[in-house]
Every structure is written in structure tokens, then in C-alpha cells.
Amino acid sequence: MAVTLPPGLSQQASRKGAAQNGLARSRAGGRILRTATAAALAVWFVLPLLPLGLWVFADRWSYPAPLPQHWGLDNVESALARGAATGFAGSLGLGLMVSAVATPLGVLAARSLAFHPSRWSAAVSALLFAPLALPAFVAVFGLNVLLVRLQVPSTAGVVLVLTAYALPYTTYVMRLAYAAHHIGFEEEACTLGATRGQVLFRVQLPLIAPALARAAFLAFLVGWTDYLVTLLVGGGSLVTVPLLVASAASGTGNDGIVAVLSLIALVPPLALLLLMGMTGRRHRGGRT
Amino acid sequence: MYGGDTQGNAYVDDYLVPAAAKEGVTLKRVPVADTKDALNRVLTEKQSGTTAGQVDLVWVNGDNFGTGKAAGAWACGWTSLLPNMGVTNPSDPLLSEDFGTPVDGCEAPWSKAQFTIAYNSAAVPGPPKTLAGLLDWVKEHPGRFTYPAPPDFTGSVLTREVLYSVSGGYTNVPLAFDQGAFDRLTPALVTELQDLKPSLWREGSTYPKSSRELNALYAGGQVDFTMTYGPAELTKLVTDGTFPAATKVLALDEGTVGNASFLAIPSTSGHRSAAMVVANLALSEEQQARKADPGIWGQFPVLNPGALSPEGRALFGRLPSSPVVPGYEVLSKNANPELAAAWVPALDELWRRQILAGK
Amino acid sequence: MPESEVLATRSGQRTAAGPSLKPCMPGVLLAVPAVVLVTVVVGGGSAMVAAQSLGLMPLVGRPELSAAAYTAHGGDLLVGAGLSLAIAGTSTLLACLVGFTAALIIMQGRWCGKLVAAMSTLSVPLPHIVGAAATGLLLADSGLLARVFGAAEGWPAIVGGPWWVAVIFEYAWKESAFVGLVVAGTLATRPVDYEETAALLGAGRLRRLRHVLLPLSLPALMISGTIAFIYSFGSYEVAWLLGRPYPEPLPVMALRLYNSVSLTSRPEAAAIGVITAAVSLGAALVALAFLRKIPLWR
């Protein structure tokens, strides 16, 4: 085990009184340090979102005014006129489709890796993690020709590529979950005469539900956040929020629209997270 | 089509799409960040040998059109079938050649454009009257001017304007590309642009990557000039406060480059006849007049004023004029022709090597 | 899932009566769908891109094996690779530092930890293109900060500047949240007692950090750091929106050539893609080799 206890224990123990004092003092100092660090981190994570929040409501914000000169909802209107709703639906559909394919495939792969180690296992996990090492644009340069030649509908092509990029995450999350849960539970249920439905719904699902939700969420994010694959493989047939953002950001005077579209991009993942947090808490509460 | 232009999007969504629907054609506007993305898709489809492609109509011109034509990406010989082609002037050179590439019925005209330099008249009281004068102004006011890095469309045009200027006018530059002329004329261009470099924004150590970035600099007061091939957008940007209220269009004695943009149908399109219906519709007097309204989009029409019907003439007569941008007749005075498409990548590459990468 | 699970339990019932419980589930075959899909995307994609780079799939003309695409932009390619490595390396380092700190604070719980956890979840689900646009609105010459400080001409060249600060900031910002949440997640599953024991035994703050928390989080830090590195190394939209035109990171250069109108540029774009992929794979292998040396790994 790499966790080595600090050397010279006896020495410290002999100065226990002094150490206790020091510990108390360092705690007070530590709290200030911790609070300051936490505040700095909070600023770090939120600062870039600040201009978005302002631009959303800025009907007029000429340079160098530090704050918008006219507040209003013109940008929301323009963003809607630009197809924000279509893009939102496209993004949502894409995220859900990727999630719907990548999660079950990841579950299966993770079960195979966790419970059936074989001489193939190492190769299988190496392959499933390979997408992490291949930049998406490279895969797309190659696949684009292949997919069009095979007449794969472009939306299906996007889902296919993004699913491959989501699989490392779903497999990894589920692999961790299965490492913690013992297959013995299922086998025991089997021997005790549980039907397959009972094993699935009473034993397997409750055990892996939180991990399943995490995996599905990560896969959703892969679809939700993608730009390049949707652009190049989708060929314009699939309009998503990132595509609208890029197209708006390439024009002048669209900052407010970019801000609206950006905040739209933030809503569903946050809603999902909240939902997961709430149901997770309820589950935990129920069990204890 | 290119989706960065809010007014263009709005025109298509609010006027062209409903009109197409009336003709029984469902038109779906696909925004791209760059027209090259669309051409790229068509080329990929072509590479894969499909005939049921995703893209049915592309707003295109210049080298994108030229390359696409060379690669067989466009359907050809269909524009003469459009009834509304009769309202255009068949001998208009802007419509028969697109940056030196014969159109050959591979694309239907849609709009005309005039390269326009705009300036903040509050910061530049006595604006220069020629391009050479502008370059002198830049050297006298270091840091207040820059241009987008080619291959950005707008930056690319500016280098061609400078080429005309240092060559003593466009008449001295052969429009068709020839290597001899290129080798003879470009050293002066490179010298001029190199001399200009220290006087540019950030001492020319870098350039805005796109006309959007130049516009952002102009909006933020970092530079006093901006430039565009679509002067229509100026009206809107001044009205909504993005650009300073004192923005004016720079009138150059020798004129500026003008061109036309077109609608092309990819050879891989699965809906060729529907695309032709839309191209014809886009050429109609009514649609051209709507598109020319500065409150809607303000794109210059491609129709021949002499061939308009009385109703058409009335439609155009009722158009309001823009407070910022003068009419097409004024802007296009002394219009310079565009160089052949083959010049464009050659000049862009030269610029990249000598000006951008060269120290 | 349902189909294979049904399969699984059916075979389970069959063998449940038998003496051995082991084959309750069918084995390695469960991974087949995922393996096939990834093989198509990764294998197919790499093979096709390699073929394009070698001139075997030209837009016009006949296929001909050639390495011309690799040599066409020799100098720019090297500069671009160096730039990409520098951007990805710096931003990953920053992301790991900030992310690890965030994980420590999150682990402490209380309102501080909850605040940091909540704030970092804001940036994780945002598309990078949105992060880039937001960074531009914040840090550009006419961005929010320049306006608030009234800096005007004095504002430093952050967006499009010579040090690629805005690009590095965007990656560091988004990836630090990713690293932080991954590390915090791993720490949460490890026994908490290590630190408490060490504290009770009188280990100081720094010692606990060095000897307990850091070793515990090292695998997660390495993995998330590597993912972040490879992502920023091969990502396009941020450098495209916030960078400068020259020199170009590899993905920007590749996309410019891919979208370029000259007909020879596609193989050149593919060649840059092959090189980017090779470097990414190399980085992954190096990270894996390091991970193997960490005793806590597995």
C-alpha cells in the first residue's frame, strides 16, 4: 500500500501537548484559508458565466459602457427567431439518443469485464477506451466518407460516432459500480429460485441504479456538448444548440443571442443533475 | 447558408420559406458558420458517390463556386429554365462570370454586393479619398487599423484592393490568373503590406481571424475602420448600438470591388426540381425587393432595372433608404471587377507565407 | 440491455440446478455490441483517414500512394504540434492544480465544499463552444472585464494574443471542474479514515496532503488529467474562436485545410489528423505506463 504513515511517530507523540495546541490553531487558520480558497474557486467557476447573464438581457450595450444601456428581452426573441427551439430539440434528441444507446452497451461491456475476466478482457477494455485517445475530428475525417458511401442517414451517423465517444465513460462508470457490487447477490437470488425478472428488478437494478443514472448522464453530455461531429457528420441535417452558437458567434452584433443560446445549453443538464441529486437523496434516505 | 447574418436568416425564414411553401416546397434553412462547410459536405458526398445528398441549395460565389465547379459539385445548365432569369440582364458581366469562372448555368444570381470600407467619422475627421490615401492615414495613425487575415473573405478582398492600388488601378491587373503577372505584380503588394505592418493594430504581430473579429474591434473602438462585402449589415449594426453612431461609408475615388452572389444546386442533390423552384422564386421581383429593403436585409438586387414590370418598379421605388449606407448606384460607381478565382488562393497563400508567417 | 439480460438469466436458471454457479452469466460476449461499434468508429475512422492522407482517396484523379501530404507543410506542422502540446500541457497542469484543490475543498463538505461542488457542476455540462464564446465576452479587448476596468487601450492581448491566454484559460476552466469532480468522486469512495487517522497521529496539514490525500487521488488525477490533455490537444472550436491566425494548433490547421477550397488540401488535412492521433495515442500510452507504476492502481 502506498499510503505511508508519517515517519517519526514516537517523536510527535512525545510532544503531544504542543501538537494539540498547534492543531487547534491551525484549524482556525485553516478555516480562513479554506473559506478564501472556496470563494476563489467559486469565482473561478462562475466568472465566465457572468457576461452571459448580462448579455441575455442587454438590448443595447455599446462599448465602453460597463453595464447594458437598455435591458430587455430582445435577444430572447431574436434567438427564438433564429431557431433556438429547433436547436434545443435537436440537442435534446441527440443527447437522449446517445445516452439510450451508450448506456446499455456500456452496462453490458462492464458486466463482461467485471464478472467474466478472460484473455480478451485486456484487449476489450483497451479498445473501449481507445476513443479517448483519438481526437474526434480525426475519426470524423475518415468516417465521413465511409458513412456517406454506406448511405448511413446523417443523424444515425452522428449518434453512432458520439456513442463510441460516450462508451468509455459509461463502461468506466459501470465497471466501477460492478467492482463494488458482488455478483454473489445475483447468484444467490438465482439459487433461491428468483425469476429472471426478479433478479433484474429486485437485485440488479437497485444495486446499480445510481451508477446507471451517472453513466446515462455522462453519455447525454457527450451528445449535448458536441460541436464538430454534429457539424461534419450531420452535414447540417441535425441542428443543435452548439451549431447555433457557432453560427451566431461567427457574425457581428450577436453577443446577446450567443448568450441566450449559451444559457439554453445550461438548462437541461442542470435540471437532470438536480433530478438525479433529488432522487439519489430520497433513495439514500429510504435505505437508512 | 451562412448563418452569422441575423438579417439574412430572418429574410429567408420570414419571406422566402413561406413563399416557397406556397409553391409546395419545404425549404429548410441550415445555418453554417462558413459557406465552406456546405461545400465541404457536398464534396464529401461527391467523394462517396451518392446522389441523394443532404444539401439542395447553397448560397455561394467566388472560389467556393470555382472549386466546386472544378470538382463537379454543382448541377449545371439549369438556370436558363428559370422564368425569372428574363428579368436579369443577360449581358451583365457580374452575372455571367463569377470571379472569372464562367457561370454556365451552374448557379442562379441572387444578390449583388459592393466591397465597402466603413469608418468612425468621430475619430477620423478628414477621411482619405483613395485607397493609397487610406494606407497613408494608417501609417500616420499607428494602431488604429487592421484587416482580417486571409483566407477570410473580407481580408482577402482587401489584399486584392491593395494589389489594384499598388499596380496603378485594376486595369493593370489581368483578371485571368497568369503566373507571369502574379510574379510581376505581387512584390509591390508584399512590400506595401510589410510596410504597413508596424502601423497596424498590435503592430501587425497578429490579425483578426475573421471579419467578425475586426467588427468586434471596431465596435470596441480599438480600430477606426472596418470593412465588409455586405454593407447592408452596417445599417442594422449602427441602429442597434453595436457600431458607433458616427459610422460612415468611405467613398473611394477609384471605386471598390463588386460581385454577385448566387444560389447553386449541388450535383448530389436529391431534390433538384424543388431547389430550382426556390431559385426562381428568389429571383422574383417581389422577393428581390423585400431582400433589398434595408429594414429586412438590404441586399442589392440582381435584376435589370430596365426589364422590371411596372409593379416591380413600384415595389423598388417604395423601398426606404438607409441612413448609413448609400444606394447601390452610389456605391457601385466605378466598380472594379473581381479577379479570377484562381488569383484568390494564390494571393491568400502568398499573404500567409510572406506577411503572416514572415517576421 | 433487456435482451441480453434475459439471455443472461435464462442461462442462469439452467445452471442454477447444477453443481457450479459460475456460468450464471454468459461471458465475454456481452461486450460484443460495444466492441463492434467502437471498432467501426475508431478502426474505420483511423483506417480511412490514413488512406486519405496517403493519397488513396483523392477527390479527383486516380489514387496513388504518396507521402506528399505529410511533407507539404513541414515547418508549420512542427510549429503547430509544439503549440498544441504547449496549450494542452499548460491548461491540463492548471486544470489539475485547480481541480485537485477544488476536490479537497469539496471533500471537506460543509457549505464551502457544497458551494464549490455546485459551482463546478455549472461548467462541466456546458459545450466547449459555449465556454469559448463566454470567455470571449469576458476577456476580449472589448469584453466585460475591459469595460469594467475601463482599460481601453491598456487591456492586455488575452484573446488572440501571443500567449494564447484565453484558449488556455477556457480549457483550464472547463477541465478543472471535470478533474475536480472526478477526483472528489474517487476520494469519496475511499475510506475517509486515512486522513483522520493521520491527523490523530499528529500529521500536519501538508504532510497529510502529501502522504495521504495526494497518493489517494493520484490515479484519478492522472486519468482525468490525461483525458483533459488529449481532449484539449485535439479540440478545434476553442482555439478557432479565441486564438490567432498564426501559428495554428494542429486541429485548427487540419480543419482549415479540410475546408480549404483547393483540391489537394484534403489529404494534407488527413495527414495532420494522423499526426494528431499519433501524438494523442502516445500521450495515452505514457499515462498508462505511469499509472501502472502507481501501487494504488487496481
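# Questions on buried charges, a helix and a patch

Me: Is E213(B) buried or exposed?
Reply: This is a predicted model. The relative accessible area of E213(B) is 16%. The cut-off for burial is under 20%, so E213(B) is buried.

Me: Which side chain meets E213(B) in a salt bridge at 2.8 Å, N to O?
Reply: Side chains of opposite charge can pair when their charged atoms come close. The partner has a relative accessible area of 17% and is buried. The side chain that meets E213(B) at 2.8 Å is that of K209(B).

Me: Which residue is linked with K209(B) and E213(B) in a network of salt bridges?
Reply: K209(B) and E213(B) meet in a salt bridge. They also belong to a network. The other residue linked there is R212(B).

Me: How many residues apart are R160(B) and E338(B)?
Reply: These two form a salt bridge, with the closest N and O atoms 2.9 Å apart. R160(B) is buried at 2%, and E338(B) is buried at 8%. R160(B) sits in helix α6 of chain B, while E338(B) is in the loop between α13 and α14. The pair links distant parts of the chain, and the separation is 178 residues.

Me: Which helix of chain B holds both R41(B) and E45(B)?
Reply: Their side chains meet in a salt bridge at 3.3 Å, N to O. Both residues are buried. They lie four residues apart, about one turn of the helix, and that helix is α2 (residues 35-47).

Me: Within what arc do the buried residues of α6(A) fall, seen down its axis?
Reply: The buried residues are S121(A), V124(A) and L128(A). An α-helix has 3.6 residues a turn, so residues three or four places apart point the same way. The buried residues of α6(A) line one face of the helix because they fall within an arc of 65°.

Me: Which helix of chain C helps cover the buried residues of α6(A)?
Reply: Part of the cover comes from chain A itself, including α5 and α8. Chain C adds α2 (32-53).

Me: What is the area of the nonpolar surface patch that includes F57(A)?
Reply: F57(A) lies in the loop between α3 and β1 of chain A. At 39% relative accessibility, F57(A) is partly exposed. With L67(A), W71(A) and L73(A), F57(A) makes a patch of about 430 Å².

Me: How many contacts beyond four places in sequence does the model have for residues 1-25 of chain A?
Reply: Chain A averages a pLDDT of 83. Over residues 1-25, pLDDT stays under 50. The number of such contacts there is 17.

Key. Residues are numbered from 1 along each chain as its sequence is written. Chains are lettered from A and ligands numbered from 1 in the order in which they are written. This is a predicted model: local features need pLDDT of at least 70, side-chain atom pairs count only at pLDDT 80 or more; totals for chains, interfaces and linings use all residues. Side-chain values use heavy atoms; hydrogens and water are left out. Buried means under 20% relative accessible area, exposed over 50%, partly exposed in between (1.4 Å probe, protein chains only). Helices (H or I, at least four residues) and strands (E, at least two) are DSSP runs, numbered from the N terminus. The arc is that of the directions from the helix axis to the C-beta atoms. Contact means heavy atoms within 4.5 Å. Patches are made of residues with over 30% relative accessible area and no salt bridge: like charges are joined within 9 Å, nonpolar side chains (Val, Leu, Ile, Met, Phe, Trp, Tyr) within 5 Å. Accessible areas come from the Shrake-Rupley method with a 1.4 Å probe; for residues, only the protein chains shown count as cover. A salt bridge is a side-chain nitrogen of Lys or Arg within 4 Å of a carboxyl oxygen of Asp or Glu. pLDDT is the predictor's confidence in each residue, from 0 to 100.
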